[in-house]
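Student: I'd like to get to know this structure, but I'm not sure where to start. Can you walk me through it?

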Amino acid sequence: MAESSTGPRVLLLNGPNLNLLGSRDPRQYGSVTLAEIERHVQTLGAELGAAVECAQSNHEGELVEHVHRARELDGVVYNPGAFAHYSIALRDAIEAVDVPCVEVHISNVYAREAFRHTSVTAPVCQGYIAGCGPVGYDLGLRAVLARIEERRAL
Ligand code: DQA
């Protein structure tokens with residue numbers, strides 16, 4: 001575990017098209033920008049004694065590499081965007097790094113098209129949150145910190 005005297009280190013990772021939050025389909029995703037979400041989660045992390053590093057990519061391979069880098073950290077909160085529905089590479093990366101990971105979807109994917117009802121990545125995550133809006137990232141951070149605590153207690 002990478003935890004230092006400053007507390008757990010968590011990666012907040014966002015996948016394709018999430019850089020457009022704020023203007024992208026506000027009925028599904030609200031009007032908050034990704035920068036605002038990142039600042040908010042970092043502030044919450046500081047309150048909870050955790051350091052939150054943020055990254056976003058529209059490219060599958062780059063996301064895989066971010067997940068690999070998370071081996072140096074304690075946990076991951078991530079929204080894989082559409083890759084959740086079909087990226088075996090991302091699933092394998094999460095499984096390989098053995099770092100607690102909580103998957104977040106802003107929208108209620110189960111109230112949308114059938115192709116969004118499946119996540120190939122969720123089965124290798126420690127938690128899954130969908131349909132809570134941007135607050136899902138806060139819940140994801142709290143959940144991953146709880147998972148990190150549980151690991152430490154083992
Ligand atoms: C999403 C849901 C996905 O189906 C979609 O492709 C996204 C965003 C969400 O946060 O609700 O890009 O992950």
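Student: Okay, which residues is the ligand surrounded by?
Tutor: Keep in mind that this is a predicted model. A residue makes the list if one of its heavy atoms lies within 4 Å of the ligand. Going along the chain, that gives Arg24, Tyr29, Asn79, Gly81, Ala82, His85, His105, Ile106, Ser107, Val109 and Arg116.

Student: By class, how many nonpolar, polar and charged residues does the shell around the ligand have?
Tutor: Let's sort the shell by class. Tyr counts as nonpolar here, while Gly goes with the polar ones. The shell then comes out as four nonpolar, five polar and two charged residues.

Student: How far is the polar side-chain atom of His105 from an oxygen atom of the ligand?
Tutor: A pair of N or O atoms counts as a polar contact within 3.5 Å. Arg24 has a polar side-chain atom 3.1 Å from a ligand oxygen, and for an N or O atom in the side chain of Asn79 the distance is 2.8 Å. For His105, the value is 2.7 Å.

Student: What share of the ligand's exposed area does the protein bury?
Tutor: Picture the ligand taken alone first: it exposes 320 Å². With the protein around it, the buried share of that area is 98%.

Student: Where does the ligand sit?
Tutor: Look at the pocket lining for a hint: Tyr29 and His105 are both included in the lining of the largest pocket. The ligand itself sits in that one, the largest pocket.

Student: Why do the "active site" residues gather at one spot?
Tutor: In an unreviewed UniProt entry, the "active site" annotation covers Tyr29 and His105. They span 77 residues in sequence, yet they gather at one spot, because their C-alpha atoms are no more than 9.4 Å apart.

Student: Which helix does Tyr29 lie in?
Tutor: Check the residue range. The helix covers residues 26-29, with Tyr29 inside that range, and it is α1.

Student: Which "binding site" residues does the lining of the largest pocket take in?
Tutor: UniProt (unreviewed entry) lists Asn79, His85, Asp92, Ile106, Ser107 and Arg116 under "binding site". This set covers 38 residues of sequence and is spread in space too, with up to 24.2 Å between C-alpha atoms. From the set, the pocket lining takes in Asn79, His85, Ile106, Ser107 and Arg116.

Terms used
Residues numbered from 1 in each chain as written. Predicted model: local features only at pLDDT ≥ 70, side-chain atom pairs only at ≥ 80, totals over all residues. Heavy atoms only, no water. Polar contact = N/O pair within 3.5 Å; in protein donor to acceptor, adjacent residues only side chain to side chain. Areas by Shrake-Rupley, 256 points an atom, 1.4 Å probe, with all protein chains shown as cover. 1 Å grid on protein atoms, 1.4 Å probe; cavity = no way out; pocket = protein on both sides within 12 Å on 5 of 7 lines; lining within 4 Å. Sits in = over half its atoms within 2 Å of the grid points. UniProt positions renumbered as here; feature names shortened; annotations may be inferred. Helix = DSSP H or I, 4+ residues; strand = E, 2+ residues; numbered from the N terminus.
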